[in-house]
Structure formats: C-alpha cells, structure tokens
Amino acid sequence: MYYFSQMMGKATPEEQAFTYPGDDLIDAKYDNGYSSTYAITIDAPAYAVYRYFKQIGAERSGSFSSEFLERVFARLPFYNSYEIQEEFQQPDSLVAGDIAAFDFHGMSMEWVDVVPGKYVISWVDTKVPPAAPGSFAFRFPFMKHFAAAWCFYMVPLKGERTRLINHWRIGYEPANWLTKAINWINIELVGGCMTNMQNRYMKRTVEFRKKEQWTGRFMRGVLGGRWFDTGTPSSRWSGTPLFERTYTQWMRYGRQNPAVKEIREPVTDNPNWPPTGPGTPWADSVDETYFEGWKEPKFSWEEQIRQKYEQTYLPNWGKE
C-alpha cells in the first residue's frame, strides 16, 4: 500500500505545489491546510472526462475506484457503473448544494463548484456542516474539527488529451501527532491507494478500455443465458457493442420507444382504478372519492420538512 500510494500515481512536484480552486475553502478556517494530489494523462478530450465526474457518488455511478476496498474496509456502499447516463447529464443534475454522498446514513460532502468541462469540487467542514437534513460533516476519531475539499480538475492538453488532477486538501483540529497520523493513514495511505486506482479506472473507462466486472460476467453468464445456452439471445442488442461492450444498462434509453409498445401502449392514466362495487376485494372499505379532483402534487421541500416535524400528511393531499 505504501508503494502504490506514495511511489505511484502522484502528481508532478509542480502540480503538487500548485494552488487550486477550492483550496480557499480549507485555508479560510484552518492554518494547517495539507494537500494530497494525484494525476494521470488520459487520451481523450477534457469534456469526455468531466462528464463521468458529474456522475460520481454513492447514489449515482459509484466512486470509480475499488468496490471491494470501499465496501469491505471503508464500509461504503459504492457500486460502480461505467456508463454515461442521461439522468446525470442534465443542466440541473449536479449543482452547488447537492450532496456528494459517501453512504445513505448521512456521511456527506457537499458539491460546491461545478464548472462545466473544467472541474467539480466537493467539500465538507464540521465548522460549516452540509445543508441537507439527515447529513452530517464527518470527522475522524479524536478530532474536534475536520474539513476536506475533494476536487477533480480537467486540464486540456494538445492532441485531444487531458491531464486529470485528483486533489485533496484537508484541515483539522487539534493539530497534534495523533490526528496527524490518523489523517496520513486515511488521506495518504488508504486514500492514496483509492485515488490512484480511481485515476487508473477513469483512464481505462474514458479510453474505452474498461473491462467488464467479474460480478457482471457471472450474472450475464447465469441469468443472461450465456453459460446455459437455450438458443434465446441475452439481449435484443446481442452481438453488437450496445450489449457486448455496454456493461451497465442505459437507464432511460427505453423512453424513446418502450419495449412494452410491442404489446400495448404504456398506461399513464386509468380512471377505472381502483375497481369498486360488489365482487371487488375492497368493496366494503374502498374510498370511492379519493381520486375525484386529484392530481399528483408538485414536490415541495417545505411540505417534506413539515411532515418530518409533525409526522402527519395533508388532508385531501393533491385535491384541487
């Protein structure tokens, strides 16, 4: 681990000494700011790299590092998917204030700077906790305060190449030998291994060299019919790159022409539901007027907060 984290994948001395956007977030409140910077050159344009980092997070496409190490040692629920997804590429898919999730229990960073095609920065500070209810600003044991900025910068190089800068800057209190050692282990040793792998996996992904994960091979082999050939193709795209080289399904592609249309049209409104009257399972208890004058309410954070505090729902919720 020491060799892989300290002798491999590090940025150049000039890149390590550079002051990056986002360093100010740490230096504003800490006088012991410390950086850990890794870098790799990718044979692809900067935007091709950037759009994958729009998808990073436990609730999105994972960490792009080792799933095994993330889940076994860090106990973080990262499941990597290496495909670009439409839902994560919209103008509002990633904006300042969104949670950069490590897990679903609340350990969070917050996205701060989102500069299309150039860089994205996530940040956490126990002195300025994330805004989202349920989230918390994490710190390691024996620390009163901890702050970290995790930053991904794309530097376009000549020849349609990119220099990816994967940069941590941290600050912590109290600053003593114990907290210094804890941070070195977490950020430099363990974190260095994860960051180095992350850069390598990203390079393979963007350069179209990422191989299918073992779990994916197993599932396609057993449940996709590859290992027990019955003559039924695994996919309507079998034999093409849209299946053989596409290791995670494109979640919203089917909206263009849902497969169900080969049988019938999708249903978006059914005035005959729920069935009422004699002979139905709920004849004696159904509320026959519930959906009269009803339409799906627009989502409201204010109402979500009210429900959490009062633990009640609005009467006639959704009725005009």
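On a 1 Å grid over the protein atoms alone, a cavity is a set of points where a 1.4 Å probe fits but cannot get out. Grid points are joined across faces, edges and corners, and the volume is the space filled by probe spheres set on them. This is a predicted model, where local features need pLDDT of at least 70, side-chain atom pairs count only at pLDDT 80 or more, and totals for chains, interfaces and linings use all residues. Residues are numbered from 1 along each chain as its sequence is written, and side-chain values use heavy atoms, with hydrogens and water left out.

Let's start with the overall frame. The C-alpha trace spans about 80 × 55 × 35 Å along its principal axes. The chain has nine helices and six strands, taken as DSSP runs numbered from the N terminus (H or I, at least four residues, for helices; E, at least two, for strands). Of its 320 residues, 41% are buried, that is, under 20% relative accessible area with a 1.4 Å probe and protein chains only, while exposed means over 50% and partly exposed is in between.

Now look inside. There is one cavity of 30 Å³ or more, with a volume of about 90 Å³. Its lining (residues with an atom within 4 Å of a point) includes F78, F102, M109, W111, W150 and F152. Strand 2 (99-101), strand 3 (108-115) and strand 5 (145-157) each give two or more residues to that lining.

On the surface, M1, Y2, Y3, M7, Y34, W184, I185 and V190 form a nonpolar patch. Such a patch takes Val, Leu, Ile, Met, Phe, Trp and Tyr with over 30% relative accessible area and no salt bridge, side chains joined within 5 Å. Helix 6 gives the most, three residues. I185 sits in helix 6 and, because its relative accessibility is 42%, counts as partly exposed.

Finally, the charges. Side chains of opposite charge can pair when their charged atoms come close. The structure has 14 salt bridges, each a side-chain nitrogen of Lys or Arg within 4 Å of a carboxyl oxygen of Asp or Glu. D27 pairs with R169, the closest N and O atoms being 3.1 Å apart. That pair links helix 3 (residues 23-27) to strand 6 (residues 161-173), 142 residues apart. D27 is partly exposed because its relative accessibility is 37%, whereas R169, at 14%, counts as buried. R226 and E244 meet at 2.4 Å, N to O. R226 lies in the loop between helix 7 (214-222) and helix 8 (241-244) and E244 in helix 8, so this bridge ties together parts 18 residues apart in sequence.

Notes. On a 1 Å grid over the protein atoms alone, a cavity is a set of points where a 1.4 Å probe fits but cannot get out, and a pocket is an open set with protein on both sides within 12 Å along at least five of seven lines; lining residues have an atom within 4 Å of a point. Patches are made of residues with over 30% relative accessible area and no salt bridge: like charges are joined within 9 Å, nonpolar side chains (Val, Leu, Ile, Met, Phe, Trp, Tyr) within 5 Å. Accessible areas come from the Shrake-Rupley method with a 1.4 Å probe; for residues, only the protein chains shown count as cover.
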